[in-house]
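Please open the model in the viewer and keep the sequence panel visible. The tour proceeds by selections, each followed by a short account of what is found there.

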Amino acid sequence: MSVFTMVEEVREAALATELAALTERHRAQCPPYRRILDAIGAEAPYARVADLPWLPVRLFKTHELRSVPEERVFRVLVSSGTTGQRPSRVYLDREAAAAQTRMLAATVRQVLGDRRLPMLVVDSRSVVRDPTLSARGAGVLGMMNFGRDHTFVLDEQGRVDAEAVKGFMARHGNERFLVFGFTFMAWLYLRDLGVDLSRGILIHSGGWKRLAAQAVDNAEFRRRLAAECGLSRVHNFYGMVEQIGTVFLEGPEGEGLYCPDFANVVIRDPETWQEAPPGVPGLIEVVSTLPTSYPGHVLLTEDLGVVRGIDDGAWPGKRFEVLGRLPRAEARGCSDTLGQS
């Protein structure tokens with residue numbers, strides 16, 4: 001099942017209807033959300049996705065927002081944060097948890113196919129043993145569901161485990177395999193492994209702050225990995241715990257991030273809050289039909305982005321680029337806090 005099929009006009013119509021219904025469902029079942037909507041005067045009908053009321057993503061750090069009774073909460077997801085930050089808390093019932101797992105798998109299968117691939121993890125095994133499970137650990141653990149024969153590039157001390165990598169390549173170097181790591185770690189370790197990764201498919205995510213300081217943008221990242229270790233199938237992705245299961249995936253040529261059929265982005269002018277046209281940067285709003293157990297279906301992030309094109313790329317719909325964090329916004333965790341596991 002592909003989840004990259006809808007042209008923008010069809011997606012807009014479908015999502016506007018589904019998200020409007022979800023807004024009213026959360027209004028009825030989440031009293032704090034209802035008070036917010038009442039305070040801002042949000043009332044149906046909503047003609048377009050951009051007309052729907054949004055919540056600032058930071059609100060999940062300060063408020064308990066759930067649309068299911070406490071006894072139906074199956075899992076509470078806690079976001080990462082650097083020291084001193086209050087984490088976001090996301091409440092899932094069994095239905096929502098199953099849906100996010102299913103749709104994440106459908107999204108990733110777009111580039112991996114239906115079979116589990118041998119998996120090279122650009123991290124240490126210790127990152128998934130931490131009982132508090134950092135964002136890096138949660139990301140690695142989630143992606144491990146799509147691989148087999150999981151082999152970690154780093155040992156417990158964070159040094160390259162050359163023997164483990166050599167053994168993995170002896171077993172799987174002549175077939176397709178999955179490589180996963182946070183962006184900065186992929187850049188730091190993969191280029192110097194001294195092995196041919198040309199059969200690999202790299203999926204990576206996380207902060208670009210350290211790479212930007214080294215004047216490494218996405219094009220340079222892809223060019224150097226292809227030249228230095230043979231990795232030419234490279235897919236960045238954008239997602240967050242507050243909209244778990246929804247992943248915006250980079251296209252095959254690195255031409256931008258694409259929205260799966262059940263999600264979309266709106267770029268908003270930070271002064272007028274109106275939707276910005278393609279080519280004009282603004283704040284990224286993410287929408288998704290997956291958050292059914294908490295009102296996270298329309299969220300204004302603290303990230304800056306720009307729509308680069310609509311229905312003109314490898315997959316249909318909007319393709320967009322993340323430009324970085326809003327100035328003075330809290331830094332997120334992941335690879336920008338490399339020293340924390």
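Angles between helix axes under 35 degrees count as roughly parallel, over 145 as roughly antiparallel, 65 to 115 as roughly perpendicular and the rest as oblique. The model is predicted, with local features needing pLDDT of at least 70 and side-chain atom pairs pLDDT 80 or more, while totals for chains, interfaces and linings use all residues. Residues are numbered from 1 along each chain as its sequence is written, and side-chain values use heavy atoms, without hydrogens and water.

Select residues 8–29, helix α1, and residues 31–40, helix α2 (helices are DSSP runs of H or I, at least four residues; strands are runs of E, at least two). Their axes, lines fitted to C-alpha atoms over the stretch in contact, lie 6 Å apart at an angle of about 115° (on a scale from 0 to 180 degrees between N-to-C directions). Helices α1 and α2 are therefore roughly perpendicular to each other. Next, display the contact (heavy atoms within 4.5 Å): T23, H26, R27, A28 and Q29 of α1 meet P31, Y33, R34, L37 and D38 of α2.

Now select strand β14, residues 318–325. Strand β13, residues 298–310, pairs with β14 in the antiparallel sense over 7 bridges (pairing requires at least two bridges found by DSSP). Within this pair, G305 has V322 as its bridge partner. Strand β10, residues 257–258, also runs antiparallel to β14, joined by 2 bridges. Here Y258 stands opposite R319.
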